[in-house]
Amino acid sequence: MPECVKAFTDGACKGNPGSGGWGVLLRWGELEKELCGGERMTTNNRMELMAVIVALESLKHPSAIEITTDSQYVKRGVGEWMANWKRNGWRTASRQPVKNRDLWERLDAALGGHGVSWRWVKGHSGHADNERADRLANQGVPR
């Protein structure tokens, strides 16, 4: 039995802001599931966040999950900024309201109960699963 779920996530936006999509490839051993969706008026950062949120919220049980993203915004937000934002009442170090607070709070809730590890890959660098997540994100963009 596989040890953990692997999630490959990506966001896309046609204009920023503009129509955007998110894509998720979930893998558990030999099983795979593709998810995608989008919004008509959004930003790339919101779609990157939505991809990770959907990946976590789609898990039916507390799980070990490895999330691979090409988003420095998501990686740094979770690993460096979120704890301080929460401590500061969802304000940045300069006391400004955190952008995309609704999604950061949703991500924070979705992380609960899961053992999450993070991997960052450079976008559009030939990483097959990241490229697949990118295609799913583009598929999710409303036309």
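With which residue does Glu57 form a salt bridge? In this predicted model, the partner of Glu57 is Arg106, and the closest N and O atoms of the two side chains are 2.8 Å apart. The pair links distant parts of the chain, since Glu57 belongs to helix H1 (residues 44–57) and Arg106 to helix H3 (residues 101–111), 49 residues apart. Both side chains retain some accessibility: Glu57 is partly exposed, with a relative accessible area of 42%, and Arg106 is likewise partly exposed, at 33%.

The overall architecture provides the setting for this contact. The protein chain contains 4 helices and 5 strands, and from the N terminus these elements follow the order β-β-β-α-β-α-α-β-α. The radius of gyration is 15 Å, close to the 15 Å that the globule rule gives for 143 residues, so the chain is as compact as a globular protein of that length. The C-alpha trace spans about 45 × 35 × 25 Å along its principal axes. Of the 143 residues, 48% are buried. Among contacts with a separation of 6 or more, 64% are accounted for by residues 24 or more positions apart. The accessible surface of the chain amounts to about 7,600 Å², and carbon and sulfur atoms contribute 50% of this area.

Charged side chains were examined next. The chain carries 21 positive and 17 negative side chains, and the centres of these two sets lie 6 Å apart. A total of 11 salt bridges was counted. Among the residues involved, Arg27, Glu32, Glu34, Asp129 and Arg132 are linked in a network of salt bridges.

Within this network, Arg27 takes part in a salt bridge with Glu32, in which the closest N and O atoms are separated by 2.8 Å. The two residues differ in their accessibility: Arg27 is buried, with a relative accessible area of 18%, whereas Glu32 is partly exposed, at 40%. Arg27 also forms a salt bridge with Asp129, and here the closest N and O atoms are 3.0 Å apart. Asp129 is located in helix H4 (residues 128–140) and Arg27 in strand E2 (residues 18–28), so this pair ties together parts that are 102 residues apart in sequence. Asp129 counts as buried, with a relative accessibility of 17%. Because buried denotes a relative accessible area under 20%, the value of 18% places Arg27 in that class, and the value of 17% does the same for Asp129.

Strand E2 also contains Ser19. This serine is buried, with a relative accessible area of 18%. When neighbours within four places in sequence are left aside, the contacts of Ser19 comprise Ala12, Cys13, Lys14, Glu39, Arg40, Thr42, Val141 and Pro142.

In summary, the salt bridge of Asp129 with Arg27 ties helix H4 to strand E2, and that of Glu57 with Arg106 links helix H1 with helix H3.

Key
Residues are numbered from 1 along each chain as its sequence is written. This is a predicted model: local features need pLDDT of at least 70, side-chain atom pairs count only at pLDDT 80 or more; totals for chains, interfaces and linings use all residues. Side-chain values use heavy atoms; hydrogens and water are left out. Helices (H or I, at least four residues) and strands (E, at least two) are DSSP runs, numbered from the N terminus. The radius of gyration is taken over C-alpha atoms; the globule rule is 2.2 Å times the number of residues to the power 0.38. Buried means under 20% relative accessible area, exposed over 50%, partly exposed in between (1.4 Å probe, protein chains only). Contact means heavy atoms within 4.5 Å. Accessible areas come from the Shrake-Rupley method with a 1.4 Å probe; for residues, only the protein chains shown count as cover. Lys and Arg count as positive and Asp and Glu as negative; His and the chain ends are not counted. The place of a charge is taken as NZ of Lys, CZ of Arg, CG of Asp or CD of Glu. A salt bridge is a side-chain nitrogen of Lys or Arg within 4 Å of a carboxyl oxygen of Asp or Glu.
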